Amino acid sequence: MSQFTQRADTLTLPVLPLGGITAFPAIPLNFELTDDASIAAADAANATDAFVLLISLQAPANDPLTADHFYKTGTVAKIKQSIKTEVGEMRVVLEGYARAELLELHRFADYYTATVAVKAPSVTDVPELYDEAMMREAARLLDGMKALMPTVSDDVIKAAKAIRSPGAFADFIAANVLVRGEDKQLILDTYDETERLSCLLPLMQEETELLRCEIDIHREVRERLNQNQKDFYLREQMRVIEEELGDGAESEIDELEARIRATKLPEEIEKKLLKELSRMAKTPFGSSEASVLRTYLDVCLDLPWNEKTEDRVDIAAAQKILDADHEGLSKVKERILEFLAVRKLNPDLGNQVLCLVGPPGVGKTSVAHSIARAMNRKYVRVSLGGVRDEADIRGHRKTYLGAMPGRIMAALTQAGTKNPLILLDEIDKMTRNSHGDPSSALLEVLDGEQNKHFRDHFTEVPFDLSECLFIATANTLEGVPRPLIDRMEIIELTTYTKSEKMAIAKNHLIPKQLKRHGLDRRRLRITDEAVSGIIDDYTREAGVRNLEREIGTICRKTAKRVASGIKGLTVVTNDNLPDLLGPRKLPREKAEGEDLCGVVNGLAYTEAGGDLLKVEALPFPGEGKIELTGSLGDVMKESAKIAVSFLRANAEILGVEPDFYKTNDIHIHFPEGAVPKDGPSAGVTMVTALVSALSGKPVRHDVAMTGEVTLTGNVLPIGGLKEKTMAAAAAGVKTVLIPEGNLRDLPLLDKDAVASLKIVPCRHLFDVLNLALVGGMTAKKPAVGMPCAPSNMAETARQA
């Protein structure tokens, strides 16, 4: 490396970026490397000649780095020793060799390399006595600095005075005595040795004056302190600093007062803030109380007291925006358009609170953003998942250490207007503890009669929330308190139908993922049959999140092919889906191909949508025990007891041995035992399975059913009918038996599912058994409280 001092060379070296450190030639240096790029650069250097470029960053920066992030001059150094620590870091010992000018910076693999010009040091043609005189002056200043800097040892002084080269002397002083990084870099940037020494002298003089000033400040602070004022040492130090720089407290008070008067606040609020400002003016500058008051005034003045946006009341434009952003969701869109229509006719109408309830992934959060865009309002999201403290909503008293306003006030500050759309996301995920119930704090926020004068504990002044539009989201209302539900208008978002998912994928998800992965339709085309295959065999959900993930997987694999140089259009069909996504993960449950005894197709509703749930009943000789398996909840266990009681009361009518409950054990099983199941809608399914198993009559394999039963055999309405019928259609079922009370839900069902099914309403269990059992059943002598014969509705359905 000695040739670097003889001539200028252009080299490409691994780069070790330095932060807060400046490396000089001939000065040993050791430090730890913590980032992966620097460790990789050191490894690359060790693999060759161990030379690297040490160069300082002008300011802290993150990847990717460019040449503009660095100073122009660095130091070529050689790694003398490197040791990797147990935590994955590397400790290196280096020695500088020569200055180098940064020409270009490159990203090579996982570290940076630089093209540098290594320049030989130059010497100004001046008398030799001139350099000696400057070195003596520097030595004199060094002696004076030693008295002011205890960290400068005698060894450093002796080593400095032993150096005879002006350039090396300047480098040594800069590396060991100067404090500020920019001063050190100035010395490093100077190639001429005489000029370098000349630059060093004023820097040492300035450093000396700064040290004297600091000592004077410390001395003056100590003089002001007495035995009873030791706790206020830091405050007095800040006071002295302010006096040295000029009095800034009065100007800050004047600035805050001007802001208060210019904001045009209500009289009560302006009076309150001016009172707090007066208290702040009387407190010592830099005290903790002054800091609290300053923060309080800043928070209050940052609130949007008068700023608001004008609502877009163009119904057609709002409809266009909502339709462009989301497929389906007709209920939500209709409700928002109704709100805008009323707003257009009556601008003074107070805002209402909407609550969007639905399974994950159906677009609750994203539709709120679209609503804000359609209404031309600012949008801000408040995540309530996991919130357990009432102070999260209403804020903390400003007297507490680290106090801050609640999430509602923070959302208004973030929005910058007094009438934003505030999304209260995951309102059903709030909890409570000893610090209060956040859902109770929301009662005032969401009450149109109370939120006109909402008081946050931190601000202590009323703020009008009546102009805000609140939209809450929840997966279920089970954990939401009833008073809170009463303050919201509930809009349910149901499971997307397959046709809706197809449209969403075609119009939104595929274009979005193509853009995200740098592709276009000339490189990747996903056919409709492929999208259908993804929906059926790779996702099982109510929304479209997993569908989007699978489409993203296809785009990533295609992007890899394109980046590898493989040209041409990739066409994704249902046949080649396994090549891209792997084996089909979630094949749907299909109905049996033959009629079996004791096996019935039930229908279930889960968070992922509807599902075909087969129920199996098996009697065998025993003592009358009932065994229930399949991770059943309490409600389903009670339904099983009702089914057995109904059979015992109607054994003769149903063609079952009257003493079956004495001579047989009965095992009722719901497959997929690892999945918890509960709810009353499997009542008719269990009764049918028991009757079939005990009477020996097979159950039609193309029939599925759902409904709650009573002891007298009545079939009661259930929920989730839309999802259940969609599952039945996907499983190949031809006939679905539903409760008569669910006839009102028929207009809400998926049209494609209804077109492929024969839906039969049933009022009584006899109706179900007549239609489900092969050959039907004939009632002989009904029990007390039951109809004498199967209802006319079932007979009418059979004739139809």
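Three helices, H13 (364-375), H18 (498-516) and H20 (545-563), each put at least two residues into the lining of the second largest pocket. The model is a predicted one, and this pocket is a handy place to start looking around in it. H18 is the top contributor to the lining, with 4 residues. In total, 22 residues line the second largest pocket, and those nearest its centre are His326, Gly363, Ser366, Val544 and Glu548. The space inside comes to about 540 Å³. As for the character of the lining, 8 of its residues are polar, 8 are charged and 6 are nonpolar.

H18 turns up again around helix H19 (residues 528-537). Of the 10 residues in H19, 8 are buried, so the helix is largely enclosed by the rest of the structure. The buried set runs through Ala530, Val531, Ser532, Gly533, Ile534, Ile535, Asp536 and Asp537. The cover over these residues includes two helices already met at the pocket, H18 and H20, along with strand S14 (524-526), strand S15 (570-572) and helix H21 (577-581). Ser532 gives a close-up of this arrangement: its relative accessible area is 17%, which falls under the 20% cut-off, so it counts as buried. Leaving aside residues up to four places away in sequence, Ser532 touches Lys498 and Met502.

Next come two loop residues with an unusual backbone angle. Most residues other than glycine have a negative phi. Asn376 goes the other way, with phi near 60°. This residue sits in the loop between H13 and strand S8 (379-383), and H13 is one of the helices that supply the pocket lining. With a relative accessible area of 38%, Asn376 is partly exposed. Ser631 also has a positive phi, of about 55°, although it is not a glycine. Ser631 belongs to the loop between strand S18 (626-629) and helix H22 (634-649), and its relative accessibility of 36% makes it partly exposed.

Asp428 is a loop residue too, placed between strand S9 (421-425) and helix H16 (438-446). Asp428 is buried, though, at a relative accessible area of 13%. Not counting residues up to four places away in sequence, Asp428 touches Thr473, Ala474, Asn475, Thr476 and Val480. A longer view along the chain is given by Asp428 and Val179, which are 249 residues apart in sequence and have C-alpha atoms separated by 56 Å.

Stepping back to the whole chain, there are 28 helices and 24 strands. The radius of gyration is 40 Å, well over the 28 Å that the globule rule gives for 800 residues, so the chain is more spread out than a compact globule. Taken along the principal axes, the C-alpha atoms fill a box of roughly 130 × 70 × 60 Å. Even with that spread, buried residues make up 47% of the 800 in the chain. Contacts reach far along the sequence as well: among those with a separation of 6 or more, 73% are between residues 24 or more positions apart. Finally, the accessible surface of the chain is about 39600 Å², and carbon and sulfur atoms account for 51% of that area.

Terms used
Residues numbered from 1 in each chain as written. Predicted model: local features only at pLDDT ≥ 70, side-chain atom pairs only at ≥ 80, totals over all residues. Heavy atoms only, no water. 1 Å grid on protein atoms, 1.4 Å probe; cavity = no way out; pocket = protein on both sides within 12 Å on 5 of 7 lines; lining within 4 Å. Points joined across faces, edges and corners; volume = space filled by probe spheres on them. Nonpolar A, V, L, I, M, F, W, Y, C, P; charged D, E, K, R; others polar. Rg over C-alpha atoms; globule rule 2.2 N^0.38 Å. Buried < 20%, exposed > 50% of the residue type's maximum accessible area, 1.4 Å probe, protein only. Contact = heavy atoms within 4.5 Å. Areas by Shrake-Rupley, 256 points an atom, 1.4 Å probe, with all protein chains shown as cover.
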